[in-house]
Structure formats: C-alpha cells, structure tokens
Amino acid sequence: MTNETEIIRKRYDRLAPYFDRIESMMEKMMVGELREKIWQKVQGEKVLEVGVGTGKNFPYYPAKSITAIDFSPAMINEASKKRKHSGMVVDLSIMDVQQLNFPDNHFDSVIGTFLFCSVPGPKQGLLELKRVCKPGGEVLLLEHVLSSNRIAAAIMHLLNPITVRLVGANINRETVKKVQACGFSKVDVLPESSDIVKLIRAVK
Ligand SMILES: C[S@@+](CC[C@H](N)C(=O)[O-])C[C@H]1O[C@@H](n2cnc3c(N)ncnc32)[C@H](O)[C@@H]1O
C-alpha cells in the first residue's frame with residue numbers, strides 16, 4: 001500500500017463508527033433513490049461491490065451471489081454487523097481496489113458507489129475493475145464529480161483540501177473522463193445523472 005493510500009485508509013477507519021450518522025441527512029434527501037437506480041441495472045450472477053463501506057447498499061442488493069470489498073477494516077467491521085442483522089449472504093473482504101485479489105474476467109458486474117472520490121490512484125482502481133469484469137460485463141458507478149459550472153467548480157477546487165482532510169473525499173474529481181480513458185468498449189452517463197452526481201455504465 002502506498003503512503004497516500006495508508007493515510008486515506010486510516011481516515012476511513014477513524015470515520016467508520018460515525019459514518020452512517022454523518023451522512024444520514026444526505027442519504028434521506030436524495031442518495032437512497034440513486035442507489036436503488038444503479039443497483040437495478042446490475043446484471044448476471046457474479047457481482048462484486050467495491051468500497052462497500054458500512055454496507056449502505058445492502059437493502060438494494062439483488063438476490064445474487066455478492067462479493068464485497070473495502071480497504072478499511074473498520075468499515076468492513078460495520079458492514080459485517082449490518083450483514084448479521086439483515087441475515088444476508090455477502091462475502092466481505094479487506095482489499096484495496098487498486099490491487100484486487102481476483103482473477104481476470106471473473107465477475108458479470110462490478111459496482112461501486114461514492115468510491116472514486118477517495119481512491120488515491122483512481123485510474124489504477126478503474127483498470128482493476130475492468131480487469132476483473134468479464135468481457136461484455138458491466139462496471140457500474142455512482143459518483144459525485146466536479147461541477148460543469150465554472151463558479152461552482154472553482155469553489156469545489158478551493159474546498160477540496162478541506163474535504164480530503166476531514167473525510168478522505170475529493171469533491172473535484174472528473175471520474176467520467178477517467179472511466180472514458182480506460183479503454184472500455186462503451187461508456188454511458190445514464191439519464192438519472194445530475195451535474196455533480198453521475199451514474200456511469202461502462203461495458204468491457
Ligand atoms: C465515501 S465512502 C462510500 C461507501 C459506500 N460505497 C457508500 O456508498 O456508502 C468510500 C469508501 O471507499 C473505501 N475506499 C476508499 N479507497 C479505497 C481503496 N483504495 N480500496 C478499497 N476501498 C476503498 C473507503 O474505505 C470507504 O468505505
């Protein structure tokens with residue numbers, strides 16, 4: 001793990017016990033609905049969720065075999081408590097998305113929500129998602145990105161060091177462009193997207 005990855009991982013370890021409370025307002029206002037929309041698009045039997053966090057996506061999981069990873073042991077611990085209460089079967093592991101311990105062409109769908117704002121090497125992480133996805137399979141992402149409005153974008157750049165320091169998240173990432181640069185056969189930004197929250201579907 002690089003030094004930067006280790007710093008961000010520790011930040012999420014520290015946040016994990018409070019994470020759901022910190023985000024509860026935003027979750028109720030809009031995020032829950034978007035989670036449902038992206039999970040409805042998951043196809044195939046073998047599904048990988050990357051950056052599972054505290055398991056906020058569990059209520060939207062389809063009845064399939066789900067493997068979920070996160071690099072923060074404290075986040076995985078929170079997710080495993082939720083898994084216990086829900087009675088769901090989810091295979092949880094501690095793993096860095098920049099170096100996935102899965103074979104090539106293994107999953108039908110790979111999905112991540114609000115992950116690539118915090119991964120130190122987003123290109124490396126995205127290429128790993130592509131690698132473990134089967135040919136014809138899909139990588140689905142729900143991500144917040146830099147605004148296309150110049151004034152809003154300038155404010156986001158200004159505030160970015162603060163959000164990284166507080167919660168490990170960059171608010172000025174251009175994740176759509178990063179996905180487009182990974183050599184997928186097709187990348188769509190889905191119509192449910194807004195200026196700063198994007199639902200992205202990339203086909204391998
Ligand atoms: C903003 S939280 C989102 C959590 C969850 N996906 C959600 O939608 O609530 C980002 C998550 O990504 C994880 N994460 C960040 N970088 C990672 C990496 N390199 N490998 C694996 N997980 C990572 C963090 O530990 C954290 O749980």
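## Basis of the description

Two residues are in contact if their C-beta atoms, placed from the backbone, lie within 7 Å. The model is predicted, and local features need pLDDT of at least 70, side-chain atom pairs count only at pLDDT 80 or more, and totals for chains, interfaces and linings use all residues. Residues are numbered from 1 along each chain as its sequence is written.

## The sheet

Seven strands (DSSP runs of E, at least two residues, numbered from the N terminus) make up an open sheet of mixed pairing, in the order β3-β2-β1-β4-β5-β7-β6, where two strands pair if DSSP finds at least two bridges between them. Its edges are β3 (90–94) and β6 (186–189), each of which pairs on one side only. From one strand to the next the twist averages 15 degrees, with axes being lines fitted to C-alpha atoms, for helices over the stretch in contact, and angles running from 0 to 180 degrees between N-to-C directions.

## Strand β4 and its neighbours

Six of the seven residues of β4 are buried, so this strand is largely enclosed by the rest of the structure; buried here requires 20 or more other C-beta atoms within 10 Å of the residue's own, all placed from the backbone. Strand β4 (residues 107–113) runs parallel to β5 (residues 133–144), to which six bridges join it, and Phe 107 stands opposite Cys 133 in β5. Strand β1 also pairs with β4 in the parallel sense, over four bridges, and Glu 49 has Ile 111 of β4 as its bridge partner.

The chain passes from β4 through α4 to β5 in a right-handed β-α-β crossover, meaning that, with the strands pointing away from the viewer, the path from the first strand over the helix to the second runs clockwise. Helix α4 (residues 122–132) lies across β1 (46–50), β4 and β5, and runs at about 145 degrees to β5; helices are DSSP runs of H or I, at least four residues.

## The ligand shell

The ligand is surrounded by 20 residues, of which the closest are Tyr 12, Gly 51, Gly 53, Phe 71 and Ser 72, a residue being near if its C-beta atom, placed from the backbone, lies within 6 Å. Helix α1 (residues 3–15) supplies the largest share of this shell, three residues.

Technical notes. A residue is buried if 20 or more other C-beta atoms lie within 10 Å of its own, exposed if 12 or fewer, and partly exposed in between; C-beta atoms are placed from the backbone.
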